[in-house]
Amino acid sequence: MGYRIGVDIGGSFTDFAVLDEASSEVFTLKVLSRPDAPGSEITKGLETFAERDGIRAEDVCYFTHGTTVGINAVIQRKGVRLGLLTTRHFEDVLELGRLKIHPIHNLYGRRPDPLISRDRVFPIDERIDSEGQVLLPAQLESMEQALAASQAKGCEGLVISFLNAYRNGANEQAVKAWVQQQAPGMAVFCASEIWPIIREYERTTTAVINGYVQPKVSHYLTSFEQALAAQGVTVPPRITKSNGGVMSAAQAKAESVQMILSGTASGVIGAGFVARSCGYGRILSLDIGGTSADVAVIHDGQAQYGVGEVVGEFQIHIPSVSVTSVGQGGGSIAWVDAHGVLKVGPDSAGSLPGPACYNRGGTRATVTDAFVVCGVIGHSQLGYSAVQVDRARSLAVVGELAALLKQDVHETAENIIRIATSEMYADVSALLSRFGIDPREYHFLAFGGAGPMMASYLARELNLQGVVVPLVPGVLSALGGLVADVRNDFIDTLYQDVSPAIAAPLQAALDGLRTRAEQWLRVEQAFTGESTLQCSADMRYRGQSYEIETPLEPAWIERGDVAQIAQAFHREHARLFGHHDAQAVPQLISLRLVISGATAKPVIKPIGKALQPLQPRQQIKAFMDGQWRTVPVYVREDLREGHAFTGPAIVMQNDTTTTVLPGMAVSVDSFGNLLIACAPAAAFGE
C-alpha cells in the first residue's frame, strides 16, 4: 500500500491528485505552472503534500503525468527543424495533403504551411510495390545527396516516409541505419515505425508531427524524471496518452506523437470516470483551463474515440480521444482590432505573466479579469491560495479596452465573457452536429480551473439540460491520469476482400498483434495485473474512400467465420449511415488490437445528507446579464445531499469558482456533485 499520484501540468496551473490506497482518500492541490523552470512545479507540489498531509516521496508507489508540451510545440510552431526523405517524384506529399481547405465556407481559407517546408524535402531512389515487394532498394548516391542537402539546410532531424512502406518498411529501415552511421547526432524517424497505416499523406504527416516534437518532449521528460528522482520518488513515471491510456516515459520519448493530446485526454478520462461512478449517462465533458476549452462526448462513462483529430492546424492519424478544442480559456487575452472590434483569444497570458489580477506582471485584460470586474471571482484566494486577486489591476486593464470602445467598464467585461462564449459555441455546436446529438438530452460535466466558471453561460446558449460540477473540478485532469489504464493500440494492414481467402492471413495478423501486445504490456511496461483485448477492423465497401472501424469478436477470426465479419460491417454501416448493401463484399483494410491493463481506481463515496438549511457565507454585488444583482456566495464544503438553491449564485472552493446564472436551479446529489438545471435559452440581458 502507498500513494498513487496524478499530475497535470497546464498553461496556468499544475494540478495534483493523490490516492491513498489504504483509505481510498483523495488529496488534491494546485500550484502555479513554471514554464520558466520546468520541474519546479513538481518539487513544490511534493513538498506541500509532505508538509500538509504527511505524504512522503518514498511512499509513492505510482506516478502519472499529463502534459501539453507536445501540442504546444505544434500550435506555437516551436519544434525541431526537420527534413523529409521520401520516394523520388513524391516530394510534394505535404504540400498536396488532401486538397482540403478549412473552414470550407471561408472563401479566403488556405491550408496551413507544412511543418517541413518544400525546400527541406529530399528524394530517395527506391521503390516498394503495393504488395510490399522491394522493386528497388534505396540507392546510395541519392542517400548521400539527400543527407548532404539536409545538413546544408540546417536540419536537426530527418523523417523517412516512403511509398507503400506500411506494407514493408525495409527500405526505410535501411536508410535510417545508414544515416545514423553517417550522422550519429541526427535524430531519424521512420513513418512505418510511428504508425504503419495506408495512405501516404496521413502516414507522413503523423510521422512529421512525431519528429517535430520529439526532441522537446524527450528533453522535458528527462528533466521531469530528474526532478522526481531528486525528490526521492523511485517509481518510474507513466505518461498519459492521446488514446486515454498511460505508457512508460521511455515509450513517450520514442513515440512522442502518442502523447500529443496527453493532458487533454486525461481530462476526458477523468470526466468519464466521474460520470460512470455517479450514474450520468449522457455527458459532454467541458475542460476549460487557462488557454483552451476542450469538449468531448461521453456515453455511459465511455469517451468516444477516433482518428484524425486536429492538433493545432494538422491532423494526427493515431487513435485518440475525440476532442474539440477552442482557443478560449481563463487566460485568453481580450483586445481591440484595427477596426475597433473587441476580440478574445486565441493568445493566452498563461501563468507568467498571467491575468492582470494575478499581479504577476500581466498587463493585458483576460477572461479571468472580466469575471473579476463583474464581481464573480475575487472573494477568496484562487488555486489553493496560490493567487490573491487584485481587482484594481483587472479594472485598470479592462478599463483600457472600455475607453477604446467608449463603453462602461462593466459592460466591456461582460462583452468579453459573451465573445468567449460565442467562440466556444461555434465549435461545440459543430461537435454536436458531428455526433448527431440533441443538446437537450445532455449535461456539461464542467471542470478545469475555468470550466465551472464559464459552463453555465455556454450551456444556456446551447440549450443543454444543465451542468454537472464534480467535487474537485479544478484537478479532474490529474485524477483522470490517475485512473487511466495502461493501454496501447496495434495495427496491421491487410487490404483484402472479406472472402474465404482472407481467413488465414487474418488469423496470422491477429496472432502477431496479440504477441506484440502482450510483449508491450508485460515486458516493456512491466505490468502484472489483469488485461483485456479489444479487436476491430477498418472496413469499407469497394470504391469507398474511407473506412469505418468495426468491432470484431476474436472467435470469428479464429474459426474463419468471414460471414460474421461481413455482417458486423453491414450492421455498423447501417448504424452510422442508415443503410447498407448486404450483397456487396466488404474490404478489410487494417486489423486493430487494443490491450488494456486495469489500474487501481478510487471509490467516489456518497456524502452526508443535509441536516440543516443551507445559508450563504455572504451576499455580494455582481454584474450578470446586463445589470447589477445581489448574489449569494456559498462555500462548497458547506453543501450536502439535498441542498438546493437558485441563481444568481456563486459557489467558491479551493480549486475553482462556479457561476450560477439567473433563472437556473441548483441541487446537490448524493455524491456531492452540483447539478445546475438550465432555464430556456435566452439572449444576454433578457
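Begin by selecting L85 and I160, since the bridge partner of L85 in strand β9 is I160. The model on the screen is a predicted one, and the stops below follow its strands, its helices and then some of its charged pairs.

**The sheet around L85**

Widen the selection to residues 82-87, which make up strand β5, and to residues 157-161, which make up strand β9; the two run parallel and are joined by five bridges. Strands of a sheet pair through backbone hydrogen bonds, in either a parallel or an antiparallel manner. Now add the neighbours on either side, and an open sheet of four strands comes into view, in the order β6-β5-β9-β10 and with parallel pairing. Its edges are strand β6, at residues 121-124, and strand β10, at residues 187-190, each of which pairs on one side only. If you look along the sheet, neighbouring strands are turned against each other by 25 degrees on average, with direction ignored.

**Two helices across the sheet**

Next select residues 140-152, which form helix α4; this helix lies across β5, β6 and β9, and runs at about 170 degrees to β6. Then turn to helix α7, which lies across β5, β9 and β10 and runs at about 155 degrees to β5.

**From α7 to α8**

Staying with α7, show the side chains of E225 and K253, which meet in a salt bridge with an N to O distance of 2.7 Å. Because E225 belongs to helix α7 (residues 200-230) and K253 to helix α8 (residues 249-254), this pair ties together parts that are 28 residues apart in sequence. E225 itself counts as partly exposed, at 27% relative accessibility.

**Helix α11 and its surroundings**

Move on to residues 391-405, the 15 residues of helix α11, which reaches 21 Å from its first C-alpha to its last, close to the 21 Å expected at 1.5 Å a residue. At its N-terminal end, select D390, which caps the helix with a side-chain oxygen lying 3.2 Å from the backbone nitrogen of A392. After the helix comes K406, whose phi is positive, near 60 degrees.

Which residues of α11 are buried? Colour S394, V397, V398, L401, A402 and L405, for these are the buried ones. To see what the buried residues of α11 pack against, display strands β21 (332-336) and β22 (342-348) together with helices α10 (367-373) and α12.

**Within α12**

Helix α12 spans residues 409-434 and contains both E414 and R418, which are four residues apart, or about one turn of the helix. Their side chains form a salt bridge in which the closest N and O atoms are 3.5 Å apart. Is E414 buried or exposed? At 3% relative accessibility E414 counts as buried, whereas R418, with a relative accessible area of 30%, is partly exposed.

**A charged network**

For the last stop, select R56, E58 and D59, which are joined into one network by salt bridges that share partners. Within it, the side chains of R56 and D59 meet at 2.9 Å, N to O. R56 counts as partly exposed at 46% relative accessibility, and D59 is likewise partly exposed, at 26%. Side chains of opposite charge can pair when their charged atoms come close, and the count of salt bridges in this model comes to 28.

Key. Residues are numbered from 1 along each chain as its sequence is written. This is a predicted model: local features need pLDDT of at least 70, side-chain atom pairs count only at pLDDT 80 or more; totals for chains, interfaces and linings use all residues. Side-chain values use heavy atoms; hydrogens and water are left out. A salt bridge is a side-chain nitrogen of Lys or Arg within 4 Å of a carboxyl oxygen of Asp or Glu. Buried means under 20% relative accessible area, exposed over 50%, partly exposed in between (1.4 Å probe, protein chains only). The expected span of a helix is 1.5 Å times one less than its number of residues. Contact means heavy atoms within 4.5 Å. A polar contact is a pair of N or O atoms within 3.5 Å; within protein, one must be able to donate a hydrogen and the other to accept it, and residues adjacent in sequence count only if both atoms are side-chain atoms. Two strands pair if DSSP finds at least two bridges between them. Axes are lines fitted to C-alpha atoms, for helices over the stretch in contact, and angles run from 0 to 180 degrees between N-to-C directions.
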